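Okay, everyone, let's get going. I'll put the structure up and then talk you through the parts I looked at.

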Amino acid sequence: MQGLEKKIKDRASELLQSGAVDGIIGWEKGQFEYDPTPAVFTKETGLDNLCYNNFCGANLSKYLVGKITSDKKFAVLLKPCDTYSMNQLITEHRVNRSNIYIIGIGCNGHLNVEKIKAQGISGITAVSASDDHVNISTIYGDSKLAKKEILLGKCEVCRGNVHVIFDELIGEELQTPKPDDRFEMVAKLEAMTAEERFKFWQGELSRCIRCNACRNACPACTCRVCVFDNGRSGIEAKANASEFEEQMFHIIRAFHVAARCTDCGECSRVCPENIPLHLLNRKYVKDINEFYGDYQAGDIAEQRNPLVNFGDDDIEPTTVSDKGGQK
Amino acid sequence: MLNIGVFVCWCGSNIAATVDIDQVVAAAKIQPGVVFATDYQYMCSEAGQKIMRNAVLEHKLDGVVICACSPRMHEATFRKNAEKSGLNPFMVEIANIREHVSWIHKDKAVGTVKAIALVNAAIAKVSLNAPLISGESSVTKRALVIGGGIAGLQTALDIAEAGFEVDVVEKLPTIGGNMAKIDKTFPTLDCAACILTPKMVDAASHENIELITYSEVESVKGFVGSFKATIRKKARYVDEVACTGCGVCMAKCPSKKSLNEFNCGLNNRPSVYIPFAQAIPNVAVIDPQSCIKLTRDKCGLCQTVCEAKAIDFTQKDELIEREYGAIVVATGFQPIKVDKFDELGYSQNKDVITSLELERLMNAAGPTGGKLQKVSDGSHPHDIVFIQCVGSRDCTARGKNYCSKICCMYTTKHAMLIRDKYPDINVTVFYIDIRTAGKNYDEFYRRAAEDYGVTYIKGQVGKVYEEDGFLVVQGSDLISNEQIKIKADMVVLAAAIEADPSAKKVASMLTASIDTNNFLTEAHAKLRPVESPTAGIFLSGVCQGPKDIPETVAQAGAAASKVIGLLVKNKLVTNPCVAIADEMLCSGCSNCFNICPYGAIGYEEKLVNDHGIRETRRLAVVNPALCQGCGACSVACPSGAMDLLGFTNKQIMAEVDAICKK
């Protein structure tokens, strides 16, 4: 990982020096090993702080949305899964492809510091990971954990090491984690009775503090003005008027990103209340796969998603309800 | 705040019997903005309308809520009435307390609560209404008819006679459709060809009709009065103008193994062929699937023998672009495939045939020259059994729920014709019910049973199997209540008819609605039976539902009269309820563009000033001339930038709020 970080830094330095790009969107070292944050590097001198370690899970593609009208060119560091979001943003005209230089970087899974801390580990000073294990140095001594236990939720269901869009690749030889069945939990929820399911979601969503982190991190939530902030929509004041309507916020958001969501998992990763928001989106992904055939948002740029594309073979709404949702 | 008037209609007892009118009026009176509320026995009557007009003037109303039947019935009536009293017609809202309340609820208390909720919703909506002004659009004085069977031809002839140009697009190489395959027609037993071919000739020679055969409509854009269609004219590999229809190519073609579609596959045809003697155009066509030249680049004999030099193997599909004011769907039907009915042995036994196959076997131009013989060995049959309702009135997945309507009559016709020509043949008909409603129809059936000695057995057939070189039909006789077995030489299955497979594609292309059986839906089942709910789209023939030839011709004429009524107009009033995009909210994501079925949304790069930030943005722009106000974009837009005039997001939310308020 450190070798890869150096390669990235060197390349970033070249790009800035030659004037090929005006800025690099990457991760900046934090106070600790485990809190790097997304940052824009515009000067070579700042690159000392650029980092790429086991905690760089954040999907940087969304940071380009704000640059759409900029006449400057930015390079962006994207892991394989982040490139799906990039394609989706291009499809939706929310980024300006000609002003973007995509550096696809290798990935072997990223870690969730909360899961490490939950194992009673604190005072972390350094973390190094192999394919299966993670060695953690702390001020109290070292420990070794199985990597699978402490991966980010989205890495547990990793979709592989292919970058679907890039201008160049660095470290693409890294092996991504073996994925679990990503629809397992959705299937469990589907098997519940309506009452059980409602109780499950009530328990989860009642913790929501409407901090909007999910909305702000989501690469599909890129509206210039969110419908919840649009005074003319008639619903702006409803999302937080009562506990129930607060839950509506997440359901409406899931509807809005249906068939556009690449299942990147950012919503759940950033939620300070650990609400498994991705399950709402993943339910739509599963339904869409079942109704229209397997579909992955963002695997190709400029494609029409099944919900805004009409074909003679489309499933009839009556079929869906008659057969209890089965095609 | 508007001055709102509320008018509650009793609809005689239709509404008043299940809704407490007084309570609805009292509840409306206390709603914000309502300055006047009253009720009347028939609001749609002239007296009722006068009450509304007087109230508008007296109470200075600027918003009106009519609580009555579906807006599809009388919205236009009350909008006109509003205009008469000086009010913008779009300041009228309808609360449907008949179809949505009184017709579906029996309990008056429940109905009244719901009626009040719907009236409150309409009041909430009208409070946010804004006056809208209708525009005008022009009418292209040309019609398109999709399908060249008897329905399409009759419609085209009637439109052409009124002086308008019509294009008939037929997917097969000849016009004529299913009727051309039929031998005789009930109940008069006149020859189908004798009455159809003059129509075909009339259509071909009419100066206002252009027949575009072997072609399919590929896409349709636009709206009533201004449709733009792209028609794919498939390559015939024969020059339509040069070909004289002499038939030498057919005689010389060495590839003669293709199933003859016109004869339901009962015999073969060459790869270059004219479908039948009276085909129009009387021009050969080459089947690219079996032609040796086109598949293996050998042969080319037809090209050598053709004196007219009409064969052209380099011919390509051609795309024709045309504009039309109206489109008529006349896509017709096909019999269902009966191979799913294993117990009836259609796939196992050559002498189990369908009724349409029997038509060809009895037709002088058919594979046997009109001589009725067994398909298996060409011998003369002595016992023929007809089985009715094969796939009709069948609630299993392999059949159709509906009655195909024509089978009882054509089977009676077949039975009668056979008994007339071959008195030695015994004819038995198994039926569920005999349905012969129609002028001279039941008389026809009685003649078959009483004068021609056709045996009718009420009951269904469970099994057809072969035994000792005969077919055995095992069924139940419900009258004598016993299981019976009948020996037969031939069994004829009255296969259900279904919408032509092209209908679904055509309907989606035209955004015309279809039902679960792929029959096109009428704008109103009783009052607008030949119009689709989509303006400018009309229905002719079996594409709308099973019907026989006289009904088809009558409906075809009715569709034509509706088309003529549209084409004589110079201007159409457009619907002002169109979508509009808010520049400050639009993200340019293309969701609306992708979902719009009318191609009404485009994009432009535009300089905006958003709270002091000046930048060029990609913004959605609605072309109001193309927008049909369906609202799909306003639903698809995640930020609410797209809104539909007359049905704004805010209005819909206000309605929902009013309904949910406790």
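Among contacts in chain B between residues at least 6 apart in sequence, 70% join residues at least 24 apart; a contact here is two residues whose C-beta atoms, placed from the backbone, lie within 7 Å. Before I go on, this is a predicted model, where local features need pLDDT of at least 70, side-chain atom pairs count only at pLDDT 80 or more, and totals for chains, interfaces and linings use all residues. Residues are numbered from 1 along each chain as its sequence is written, and chains are lettered from A and ligands numbered from 1 in the order in which they are written.

So, chain B overall. Its C-alpha trace spans about 85 × 65 × 40 Å along the principal axes. DSSP runs give 18 helices and 34 strands in chain B, with helices being H or I runs of at least four residues, strands E runs of at least two, and both numbered from the N terminus. Of the 662 residues in chain B, 47% are buried. Buried means that 20 or more other C-beta atoms, placed from the backbone, lie within 10 Å of the residue's own; exposed is 12 or fewer, and partly exposed is in between.

How is chain B split into domains? The assignment, automatic or from a database, gives domain 1 (4-127), domain 2 (142-234 + 317-332 + 500-567), domain 3 (248-305), domain 4 (334-498) and domain 5 (579-645). The C-alpha centres of domain 1 and domain 4 of chain B are 56 Å apart.

Now for a sheet in chain B. Five strands form an open sheet in the order E20-E27-E21-E22-E23, with parallel pairing; strands pair if DSSP finds at least two bridges between them. Strand E20 (352-354) and strand E23 (455-458) of chain B are the edges, each pairing on one side only. From one strand to the next, the twist averages 25°. Helix H12 (residues 407-421) of chain B packs on this sheet and touches E21, E22 and strand E27 (490-495), with its direction at about 175° to that of E21(B). For angles, axes are lines fitted to C-alpha atoms, for helices over the stretch in contact, and values run from 0 to 180 degrees between N-to-C directions. Strands E21 (383-390) and E22 (426-431) of chain B run parallel and are joined by five bridges, and Ile387(B) stands opposite Phe430(B) in E22(B).

Ile387(B) turns up again around Leu493(B). Leaving aside neighbours within four places in sequence, Leu493(B) is in contact with residues including Ile387(B), Val390(B), Val352(B) and Tyr346(B). Leu493(B) is also one of the residues that touch the most other members of the largest nonpolar core, which has 128 residues. A core here is a set of buried Ala, Val, Leu, Ile, Met, Phe, Trp, Tyr and Cys residues joined through C-beta atoms within 7 Å. A second, separate core of 70 residues includes Cys56(A), Leu77(A), Ile103(A) and Leu280(A).

Back to chain B, and strand E3. Is strand E3 (residues 63-68) of chain B mostly covered or mostly exposed? Six of its six residues are buried. On one side there are Gly63(B), Val65(B) and Cys67(B), and on the other Val64(B), Ile66(B) and Ala68(B). E3(B) pairs in the parallel sense with strand E1 (residues 4-9) of chain B over five bridges, and Ile4(B) stands opposite Gly63(B). Strand E4 (residues 92-96) of chain B also runs parallel to E3(B), joined by five bridges, and Ile94(B) is the bridge partner of Ile66(B).

Over to chain A, which is divided into domain 1 (1-112 + 157-180) and domain 2 (181-327). Their C-alpha centres lie 26 Å apart, and 19 residues of domain 1 of chain A are in contact with 20 residues of domain 2. One residue to pick out is Leu15(A), in helix H1 (residues 2-18) of chain A. Why does Leu15(A) count as buried? Because it has 20 C-beta neighbours inside 10 Å. Beyond four places away in sequence, Leu15(A) touches Ala20(A), Val21(A), Ile24(A) and Ala75(A).

Last bit, the chain contact: 23 residues from chain B and 22 residues from chain A take part. On the chain B side, H18(B) gives the most, with four residues.
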